[in-house]
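User: I'd like a close look at one part of this protein, and then a walk outwards from there. Could you keep it relaxed and take me through it step by step?

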Amino acid sequence: MDEPKILSVKDFLALVNDTLAMIPSEAFVIEGEVSDFKISQGKWINFDLKDESVDMKVPCFTTIYKLGIPIQSGMRVRARGNARVFERFGKFSLNVDEVIPVGEGALQKAYLELKKKLTAEGIFDVRRKRLVPQFPERIGLITSKEAAAYGDFMRLLGNRMGGLTVIHADCHVQGQHAVSEILGAFQSLAALPESERPQVIVLTRGGGSLEDLHAFNDERVVRAVFSSSIPVIVGVGHERDESLCDFAADVRASTPSNAAELLVQSRSELLRLVHISEDRMWYGMSERIRKYNNRIERSLQVFDHAISRTSHGIHDTIMRFTNSFDRYRLSVVQTRDHIERRERAVMTLFESSVMQVRAKVDGLARLIKNVDPTLVLARGYSIIRKNGELVRSASALAPGDAFSVQLSQGTLDAEVIGKRRQERLL
């Protein structure tokens, strides 16, 4: 017999974990009853899975982020994960990746608990619902290509409206891969370039039991619908089926076919609406044209009245101006005639005055001429002066007095030699 190999605790636990890792997690799902469920620090979850018939249990560990549904002690679930021994505590546990309630009672209980929690967070608040585009051109479709829902949706979509671009994100809508693939579909559609990104996303599948619809009640999928940057329509199952994704969606469709009906309108319905809109538009336009015509008529009447009043005013003004101008022109003519008459009177008076002055001047000239001493002297008279004084009488001279005699032609010095009485000149 070979000697046993001596291992350290660390090496032994590594050997155990390597051995446990050889158990494929995809191949086994452990079903049992949850007991001793505890959450520490708001994120670490520990619970046990136990059988009802025997006193055995499997310690389980997971995080609140991996747990898609709320569970509690007493629920029967199916858990999938990897087994390992935590070296620090030497404790065996199942690292749980997914937990699915088993049985309608457990599923319904988990469904109601999660619905209560998400309602309290406002995930289902109708005030945050967005409107989907009325005429979308690019549609994102998340469902399985093998599902009847895919055929129903595409057939009804083509019958109602052609020429649309459907970006299909093929994924499982049921089973262990459904949640991760649906989450990946939301991420891939949102990551498309803006020119290729769908304007609305349709998440759909056919009907089924509550267990079949588990992925659509998973907290991670519900939050993906809630946080999608693209408006989401969810159409799951039949009219009676209500998944939590229905409540989180912007629009809830009762069936996959109803999702297509809510997404696009039929050509005939659109044509009918176009005709109705056309009739309404023509009626509205006719009414508007009639009202505008009435307004224009009233405005024209007011305008004509204003023009008429203005024309009368202008005519009156022109007449008053014409009359004033005629009066002014007459006044000017009269003033001109008056000035001409006055001018003629002044000229006549001036000429008369000139003639009178001229006559006076002539008279004075004749008078001056008549009294001119040279002329008197020329007629034979003379002027006698004694010592420069005029001698007007013979009595002013005595015999022997010297005097001067001024003649017309020259002056004589003389002496009085005698006197005689005055004789008549003529």
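User: Let's start with D250: does D250 count as buried or exposed, and at what relative accessibility?

Analyst: Before anything else, this is a predicted model. In it, D250 counts as buried, because its relative accessibility is 8% and the cut-off for buried is under 20%. D250 has a charged partner, too: D250 and R130 form a salt bridge, with the closest N and O atoms 2.9 Å apart. Look at where the two sit. D250 is in the loop between α6 (244-248) and β10 (251-253), while R130 is in the loop between α2 (104-121) and β6, so this pair ties together parts that are 120 residues apart in sequence. R130 itself is partly exposed, at a relative accessible area of 26%. There is also a network: salt bridges with shared partners join K117, E121, E219 and R223 into one.

Now for some other pairs of this kind. The count of salt bridges comes to 20. One of them links K66 to D97, and there the closest N and O atoms are 3.3 Å apart. K66 belongs to the loop between β3 (57-63) and β4 (76-86) and D97 to strand β5 (residues 91-101), so the parts this pair ties together are 31 residues apart in sequence. As for cover, K66 counts as partly exposed at 36% relative accessibility, and D97 is partly exposed as well, with a relative accessible area of 25%. Another salt bridge brings together the side chains of R127 and D125, at 2.8 Å from N to O. R127 is exposed, with a relative accessible area of 74%, whereas D125 is partly exposed at 24%.

D48 is another acidic residue to pick out. You'll find D48 in strand β2 (residues 44-50), where it is buried with a relative accessible area of 11%. Leaving aside residues up to four places away in sequence, D48 touches E33, V34, S35 and D36, along with K57, V58, P59 and C60.

Next, a helix. Helix α4 covers residues 178-190, which is 13 residues, and spans 18 Å from first C-alpha to last, close to the 18 Å expected at 1.5 Å a residue. Its buried residues are A178, V179, I182, A185, F186 and L189. These cover an arc of only 125° around the axis, which puts them on the same side of α4. What do they pack against? The partners of the buried residues of α4 are the strands β6 (138-143), β7 (165-170), β8 (200-205) and β9 (232-236), plus helix α5 (219-227).

Last stop, helix α8, which runs over residues 267-370 and holds W282. W282 is partly exposed, with a relative accessible area of 48%. Together with M281, M285 and I289, W282 forms a nonpolar patch on the surface, and the accessible area of the four adds up to about 410 Å². L300 is found in α8 too, and L300 is partly exposed at a relative accessible area of 41%. To get a feel for distance here, take L300 and I318: they are 18 residues apart in sequence and 26 Å apart in space, C-alpha to C-alpha.

So, back to where you came in: D250 counts as buried at 8% relative accessibility, and its salt bridge is with R130.

Methods. Residues numbered from 1 in each chain as written. Predicted model: local features only at pLDDT ≥ 70, side-chain atom pairs only at ≥ 80, totals over all residues. Heavy atoms only, no water. Helix = DSSP H or I, 4+ residues; strand = E, 2+ residues; numbered from the N terminus. Expected span 1.5 Å × (residues − 1). Buried < 20%, exposed > 50% of the residue type's maximum accessible area, 1.4 Å probe, protein only. Arc of directions from axis to C-beta. Contact = heavy atoms within 4.5 Å. Patch = residues over 30% accessible without salt bridge, like charges linked within 9 Å, V, L, I, M, F, W, Y side chains within 5 Å. Areas by Shrake-Rupley, 256 points an atom, 1.4 Å probe, with all protein chains shown as cover.
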